[in-house]
Amino acid sequence: MGNDEIIREVYEVLESRRDNPIDSYTSKIMQDSDKRAEDKILEKISEEAGEVIIASKNDENLIYESVDLIFHTLLLLVYKGVELDDIFEEFERRRK
């Protein structure tokens with residue numbers, strides 16, 4: 001698997017966990033009541049964004065914390081029903 005395919009794989013796993021819940025962190029958070037699930041995900045994004053800022057200032061764990069932030073952002077997008085190809089299309093649109 002190429003590095004460029006990992007985002008698609010992670011996204012598909014998150015979609016599967018949303019649609020076919022199992023005993024996992026991502027399934028549990030997406031299966032909470034509508035408002036509560038979204039709030040939990042948004043809280044995690046806020047927390048992870050803060051950790052990215054701290055890691056950047058301290059030159060420690062920036063990659064690790066950035067991946068956590070990206071992961072939770074992907075989780076939100078999956079939860080909200082956004083298609084991955086729509087995200088890629090938006091990146092392509094902005095590249096022009």
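**Helices, charges and salt bridges in a predicted model**

E48 has a relative accessible area of 3% and therefore counts as buried. The model discussed here is predicted, and the questions below move from this residue to the rest of the chain.

Q: With which residue does E48 form a salt bridge?
A: E48 counts as buried because its relative accessibility is 3%, below the 20% cut-off. Its partner lies four residues away in helix α3 (residues 34-58), so the two are separated by about one helical turn. The closest N and O atoms of the pair are 3.3 Å apart, and the partner is K44.

Q: Is K44 buried, partly exposed or exposed?
A: The class depends on relative accessibility, where buried means under 20% and exposed means over 50%. K44 stands at 21% relative accessibility, so the class that applies to K44 is partly exposed.

Q: How many helices does the protein chain contain?
A: Read along the sequence, the protein chain follows the pattern α-α-α-α-α. The count of strands is zero, and the number of helices is five.

Q: What percentage of the residues of the protein chain count as buried?
A: The C-alpha trace spans about 40 × 30 × 25 Å along its principal axes, and the protein chain exposes about 6900 Å², of which carbon and sulfur atoms supply 51%. Among contacts between residues at least 6 apart in sequence, 58% join residues at least 24 apart. Of the 96 residues of the chain, the share that counts as buried is 25%.

Q: What separates the C-alpha atoms of R18 and M30?
A: R18 lies in helix α1, and it is partly exposed, because its relative accessible area is 24%. Leaving aside residues up to four places away in sequence, R18 touches M30, Q31, V78 and G81. Although R18 and M30 are twelve residues apart along the chain, their C-alpha atoms are separated by 6.2 Å.

Q: Which residue pairs with E90 in a salt bridge?
A: E90 is partly exposed because its relative accessibility is 28%, whereas its partner is exposed, with a relative accessible area of 53%. The two are three residues apart in helix α5 (residues 84-95), so about one helical turn separates them. With the closest N and O atoms 2.4 Å apart, the partner of E90 is R93.

Q: Which residues are joined into one network by salt bridges that share partners?
A: E90 and R93, three residues apart in helix α5, are separated by about one helical turn. Elsewhere, salt bridges that share partners make one network, whose members are D32, R36 and K40.

Q: How many salt bridges does the structure hold?
A: Side chains of opposite charge can pair when their charged atoms come close. One such pair is K28 and D23, whose side chains meet at 2.8 Å, N to O, and both of these residues are exposed. For the structure, the number of salt bridges is ten.

Q: How far apart are the mean positions of the positive and negative charges of the protein chain?
A: The protein chain carries 14 positive and 25 negative charges. When the mean position of each group is taken, the distance between the two is 4 Å.

Q: Which residues gather in a patch of negative charge on the surface?
A: One member, D4, lies in the segment before α1 (6-19). D4 counts as exposed because its relative accessibility is 63%, above the 50% cut-off. The residues that gather in this patch are D4, E5, E9 and E12.

How values were computed. Residues are numbered from 1 along each chain as its sequence is written. This is a predicted model: local features need pLDDT of at least 70, side-chain atom pairs count only at pLDDT 80 or more; totals for chains, interfaces and linings use all residues. Side-chain values use heavy atoms; hydrogens and water are left out. Patches are made of residues with over 30% relative accessible area and no salt bridge: like charges are joined within 9 Å, nonpolar side chains (Val, Leu, Ile, Met, Phe, Trp, Tyr) within 5 Å. Accessible areas come from the Shrake-Rupley method with a 1.4 Å probe; for residues, only the protein chains shown count as cover. A salt bridge is a side-chain nitrogen of Lys or Arg within 4 Å of a carboxyl oxygen of Asp or Glu. Lys and Arg count as positive and Asp and Glu as negative; His and the chain ends are not counted. The place of a charge is taken as NZ of Lys, CZ of Arg, CG of Asp or CD of Glu. Buried means under 20% relative accessible area, exposed over 50%, partly exposed in between (1.4 Å probe, protein chains only). Contact means heavy atoms within 4.5 Å.
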